[in-house]
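Please work through the following exercises with the sequence and the model side by side, and try each task before reading its solution.

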Amino acid sequence: MKLIRHLLAAGTVALVAPVSAVIAAPPDNTIVVGLSTDAVTFDPAQISARDNSNIARHIFQTLYEPVPTGGLVPDLASGYSISEDGLEYTYTIPEGLTCSDGEPLTAEDVAYSFTRPADPQYNFTGNTPGYIFSSVGFKSAEALSDTEVKITIGRKNPIAFTLMSEVMIHCKDSYEAMTVEEAAERPIGSGSYKLTTWDRASQIVLEKYREPGNFDTLVYRIIPEASTRSAELIAGNVDIITNVAPDQLEPINTSGTAEVQAVQGTRRIYVGFNLRDDFAQGSEGGAAIQNTDVRVALQYAIDVPSICSQLLNFECERATGLVNPPNGNPDIEPYPYDPEMAEKLLDEAGYPRGENGVRFNIKLQGPRGRYLNDANVVQAIGQYLNDIGVETEVELLEFASVYVPLIREHDAGPLFFLGTGGDLAEPLVDMTDLATVESGTNYTSWKNPDWFNGWADISKTTTKEEQRPIINRMLDVFYNDPPWLMLYFQPDFYGVSDRVNWQARRDERVYLWDASLAK
């Protein structure tokens, strides 16, 4: 494909941008991370992006914490029990905890951390209300004493414990005294760091006020340009960078001052079909993608392995759904690249080429700089669609302030490029993006009852062996009535300075408590 070759060539013109001379190397008590995008909010009820969450988790604890190898270990809680019916979770909270403002932290604050995101007066749309609560049917949270809190859910879910471990614990008195706008910018947390500076689009600074943490200061610099991030890393001004572009791998690895850590990530990269009624009525393309046959046809139009090898510098097998391998349905084969089949299916679906060669027009929106080489990938997808007669307008948007609100309100599209975080161990965690039609993470507004009714069957199971055929059946529904144009599971490339010891994780959690100076 000519466009991919053009994009690849364009990406290798300037390997490393000039280094800013005004930034000094970090002092020994400070670690600096270079990010491609800014945070959106520090209100735990509104956080929905992993980059944002990675910073916030140093400010807020959770009850339990996932470890890199899978499984959960205690974080703020010291233990828990589950009722026989699987609907009540009681957590034990140690005595003597405090919030970052010095106020005591008790079970009442934990209960508040669950009830506040669910409060309908705020209409919060972050991950906690968006997919965690919808997945478990959250009902209530109650402090039984200063050291015990009971969380009641309305729907038995075998991964409820894992999901509720994502809720960030914040402090009732402080948040009741703040407006929602103040909460977004002045977090009062339960973690070991507190926010001291947020210069939007520039940098975020956290200061340590208690253990754990080997550095007194965490600095997150916002550096949208990939080559500039690499240059700052090589110069020693930054210790860790995310989203290393494919053309920057060799310059970093041969620099003598840093190296790239590459891991197979769990983020599902896809193009969503916005199936909301107003999109169906708003444009010719929005109406066309309501047709299942059209959505299947478009799967054949995209050469995903070539995108991976030529634009992302890794070999991939195309995704068959929303579940990370090897947890997917083993009986499903990825859609092959077959543009002739795509054209045949579009003809049969009632969308032949017109005299000008166009079947219908559609808009494809995507972010610039959030995901690995995302702008070039989105443009390549747009060209593949053009090649089969689907005239595609590509619109690239700034991520934090423009694209995230569109996604959060389900206003992106009719086609939108997105990546959502996944899980290493549990297919059901990946599937909870679509726990209910109303889930905040059902960005496509897909409504297939054969999928959503499957959750009731899952709730009746007691073993993973019983769950597996139901999971496979649901994944078959997803594949044959696709709400996503399925792409790939993103690899993650991190640049790491020789100054520090830090190990990248597959789950994209950039946590710095254990990072240290290299000896």
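**Exercise 1. Decide whether cysteine 99 and cysteine 171 are buried or exposed, and describe the link between them.**

Solution. In this predicted model, cysteine 99 has a relative accessibility of 2% and therefore counts as buried, the cut-off for that class being under 20%. Cysteine 171, also at 2% relative accessibility, counts as buried by that cut-off. The next step is to look at the sulfur atoms, which lie 2.0 Å apart, and the two cysteines form a disulfide. The angle about the S-S bond is -110°, and the link of cysteine 99 and cysteine 171 is left-handed. Cysteine 99 sits in the loop between β5 and α3 (107-118), while cysteine 171 sits in the loop between α5 (160-164) and α6 (172-176), so the disulfide ties together parts that are 72 residues apart in sequence.

**Exercise 2. Find how many disulfides there are, and work out the pairing of the bonded cysteines.**

Solution. The count comes to two disulfides. Besides the pair treated above, cysteine 308 is joined to cysteine 316 by a disulfide with an S to S distance of 2.0 Å. For the link of cysteine 308 and cysteine 316, the angle about the S-S bond is 85°, which is right-handed, and both of these cysteines are buried. When the bonded cysteines of the protein chain are numbered in sequence order, the pairing reads 1-2, 3-4.

**Exercise 3. Describe how strands β4 and β5 are arranged.**

Solution. Begin with the limits of the strands: β4 covers residues 79-82 and β5 covers residues 88-92, and the two run antiparallel, joined by four bridges. Taking one position in detail, serine 81 has threonine 90 in β5 as its bridge partner. Finally, β4 and β5 form a hairpin with five residues between them, and in the turn glycine 86 has a positive phi of about 75°.

**Exercise 4. Arginine 229 is buried; determine what surrounds this residue and which side chain of opposite charge is nearest.**

Solution. First, place arginine 229 in helix α8, which spans residues 226-235. Although arginine 229 is buried, it has no salt bridge, and the nearest side chain of opposite charge, that of glutamate 225, is 7.1 Å away, whereas a salt bridge requires the nitrogen and the carboxyl oxygen to be within 4 Å. Next, look for other polar partners: a polar atom of the arginine 229 side chain lies 2.7 Å from the backbone oxygen of asparagine 243. Leaving aside residues up to four places away in sequence, the contacts of arginine 229 include Gly34, Leu35, Ser36, Ile223 and Pro224, as well as Ile241 and Thr242.

**Exercise 5. Examine the salt bridge of arginine 221 and the salt bridge of aspartate 75, and say which parts of the chain each one links.**

Solution. The whole structure holds 28 salt bridges. In one of them, arginine 221 pairs with glutamate 232, the closest N and O atoms being 2.8 Å apart. Arginine 221 belongs to strand β10 (residues 217-222) and glutamate 232 to helix α8, so this pair ties together parts that are 11 residues apart in sequence. Arginine 221 counts as buried at 14% relative accessibility, and glutamate 232 is buried with a relative accessible area of 1%. Turning to aspartate 75, its side chain meets that of arginine 57 in a salt bridge with an N to O distance of 3.0 Å. Aspartate 75 lies in the loop between β3 (72-74) and β4, and arginine 57 in the loop between α2 (50-56) and β2 (64-66), 18 residues apart. Aspartate 75 is partly exposed at 27% relative accessibility, whereas arginine 57, at 5%, is buried.

Technical notes: Residues numbered from 1 in each chain as written. Predicted model: local features only at pLDDT ≥ 70, side-chain atom pairs only at ≥ 80, totals over all residues. Heavy atoms only, no water. Buried < 20%, exposed > 50% of the residue type's maximum accessible area, 1.4 Å probe, protein only. Lys, Arg positive; Asp, Glu negative; His and termini not counted. Polar contact = N/O pair within 3.5 Å; in protein donor to acceptor, adjacent residues only side chain to side chain. Contact = heavy atoms within 4.5 Å. Pairing = 2+ DSSP bridges. Disulfide = S-S within 2.5 Å.
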